[in-house]
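Here is a colleague's note for someone opening this structure for the first time. Please keep the sequence and the model side by side while reading the numbered points.

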Amino acid sequence: MASRFLLSLLLSLIALSRFSTVTAYNQGVGLSPQFYDYICPKAQEIVRNVVAQAYAKDPRIAASLLRLHFHDCFVKGCDASILLDSSGTIVSEKRSNPNRDSARGFEVIDQIKSALEMQCPSIVSCADILAISARDSVVLAGGPNWVVPLGRRDSLGASVQGSNNDIPAPNNTLPTILTKFKRQGLDVLDLVTLSGSHTIGNSRCTSFRQRLYNQTGNGQPDLTLDQSYASQLRANCPQSGGDQNLFHLDPVTPFKFDNQYYKNLIVHKGLLSSDEVLFTMSKDTMQIVERFANDQGSFFENYVKSIVKMGNISPLTGSNGEVRKICRRVNHK
């Protein structure tokens, strides 16, 4: 009898835990790393496996998935609005200047969502998929691991205007970039830390061409760019044409998530103007760059804090938004 009673009690506790998790899901009590523990316990394992398979085929995908999370969160919060295709009244953020011809990895997100829908239908949001896949991408590239708060829901629309206005651009000045970060509740340390994401990934010629030929409109190159490095870049980034030619953001360790990015800035080999200004235009940001260049552990420690903070930007919870069945479109009512 006692054993039956204990078994009954345990089953009741498990049922209560499941109920509490679902209740939290519906009421929006905030994000929690344990959000899917009972309602979709294999969620993170499924995401990790699909990302690992994609990374094995194309290591570049790590930077692409990380960038999707960043570009999602900076536009009205982390709500998977970046994943929506244009349809009906929705104009896709994929058409915006920061994303057009450069945002990628959408097929991997589709694969993850399909696998999750088979395991636990209509439970795991596309916004959470972006957050988890960003973490897994950093880990696969050799960067730090972290616990991802979960429980975001997906938007019912997109904002191409927000994408154009709110995502920092490669040629923005440091004050403009900092303003865009502060709008999201992020500070100068978050700015320098999250910019370290450029330790992996590529950039197109069109994003830095002005540094090579006409930085300030006077027909002169950017003198804060190492001139021998600039000469190498000009070989594949001509004054006209070649817009889509790709260049490593970190030419030294292009596929390794490390602190080499900051070392590059110190020797004036930051590819984008928005990167190099962190070292050349402010004593505050310069000191952080120097600290991270000298101490990878400090960079990793701060990176975890900053990306979790970014992942908490205005999430939809409770009954707000929805959990999309297909990440590219809102659910049919």
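**Notes on a predicted model**

1. Gly270 is buried, with a relative accessible area of 3%. When reading this and the points below, please bear in mind that the model is a predicted one. As for its place in the chain, Gly270 sits in the loop between α11 and α12. Setting aside the neighbours within four places in sequence, the residues in contact with Gly270 are Arg211, Leu225, Asn264, Leu265 and Glu276. A further pair worth locating is Gly270 and Leu249, which are 21 residues apart in sequence, while their C-alpha atoms are 7.4 Å apart in space.

2. The loop between α11 (260–266) and α12 (273–280) also holds His268. The backbone of His268 deserves a look, since this residue has a positive phi of about 60 degrees although it is not a glycine. Is His268 buried, partly exposed or exposed? With a relative accessible area of 31%, His268 is partly exposed, whereas Gly270, at 3%, is buried.

3. A positive phi is also found at Asp101, where the angle is about 65 degrees although the residue is not a glycine. Asp101 belongs to the loop between α3 (61–73) and α4 (106–119). Its relative accessible area is 59%, so Asp101 is classed as exposed.

4. The next points concern the cysteines. For a reader new to the term, a disulfide is a covalent bond between the sulfur atoms of two cysteines. How many disulfides does a search of the whole structure find? The search finds four, and when the bonded cysteines of the chain are numbered in sequence order, the pairing reads 1-4, 2-3, 5-8, 6-7.

5. One of these disulfides is formed by Cys73 and Cys78, whose sulfur atoms are 2.0 Å apart. The angle about the S-S bond is 115 degrees, and the link of Cys73 and Cys78 is right-handed. Both partners, Cys73 as well as Cys78, are buried.

6. Another disulfide joins Cys126 to Cys327, with an S to S distance of 2.1 Å. Why is this link described as left-handed? The reason is the torsion about the S-S bond of Cys126 and Cys327, which is about -95 degrees, so the disulfide is left-handed. This pair links distant parts of the chain, with Cys126 in helix α5 (residues 126–140) and Cys327 in the segment after α14 (296–311), the two being 201 residues apart. Cys126 and Cys327 are both buried.

7. Cys205 and Cys237 form a further disulfide, in which the sulfur atoms are 2.0 Å apart. The link of Cys205 and Cys237 is right-handed, with 80 degrees about the S-S bond. Cys205 lies in the loop between β1 (202–204) and α9 (209–213), and Cys237 lies in the loop between α10 (227–234) and β2 (246–248), so the pair ties together parts that are 32 residues apart in sequence. Cys205 counts as buried because its relative accessibility is 0%, and Cys237 counts as buried at 0% relative accessibility.

8. Turning to helix packing, helix α2 (residues 43–57) and α5 have axes that come within 9 Å and cross at roughly 50 degrees. That angle makes α2 oblique to α5, and the crossing of these two helices is right-handed. On the α2 side the contact is made by Gln44, Val47, Arg48, Val51, Ala52 and Tyr55, and on the α5 side by Ile129, Ile132, Ser133, Arg135, Asp136, Ser137 and Leu140. Sorted by class, the contact of α2 with α5 has seven nonpolar, three polar and three charged residues.

9. A second packing to inspect is that of helix α7 (residues 174–183) and helix α8 (residues 188–195), where the angle is about 105 degrees and the axes are 9 Å apart. Is α7 roughly parallel or roughly perpendicular to α8? The angle makes α7 roughly perpendicular to α8. The residues making this contact are Leu174, Ile177, Leu178 and Phe181 of α7, together with Val188, Asp190, Leu191 and Leu194 of α8. By class, the contact of α7 with α8 has seven nonpolar residues, no polar residues and one charged residue.

Key:
Residues are numbered from 1 along each chain as its sequence is written. This is a predicted model: local features need pLDDT of at least 70, side-chain atom pairs count only at pLDDT 80 or more; totals for chains, interfaces and linings use all residues. Side-chain values use heavy atoms; hydrogens and water are left out. A disulfide is a pair of cysteine sulfur atoms within 2.5 Å. Buried means under 20% relative accessible area, exposed over 50%, partly exposed in between (1.4 Å probe, protein chains only). Helices (H or I, at least four residues) and strands (E, at least two) are DSSP runs, numbered from the N terminus. Axes are lines fitted to C-alpha atoms, for helices over the stretch in contact, and angles run from 0 to 180 degrees between N-to-C directions. Angles under 35 degrees count as roughly parallel, over 145 as roughly antiparallel, 65 to 115 as roughly perpendicular and the rest as oblique. A crossing is left-handed if the near helix is turned anticlockwise from the far one by less than a right angle, and right-handed if clockwise. Contact means heavy atoms within 4.5 Å. Ala, Val, Leu, Ile, Met, Phe, Trp, Tyr, Cys and Pro count as nonpolar, Asp, Glu, Lys and Arg as charged, and the others, Gly among them, as polar.
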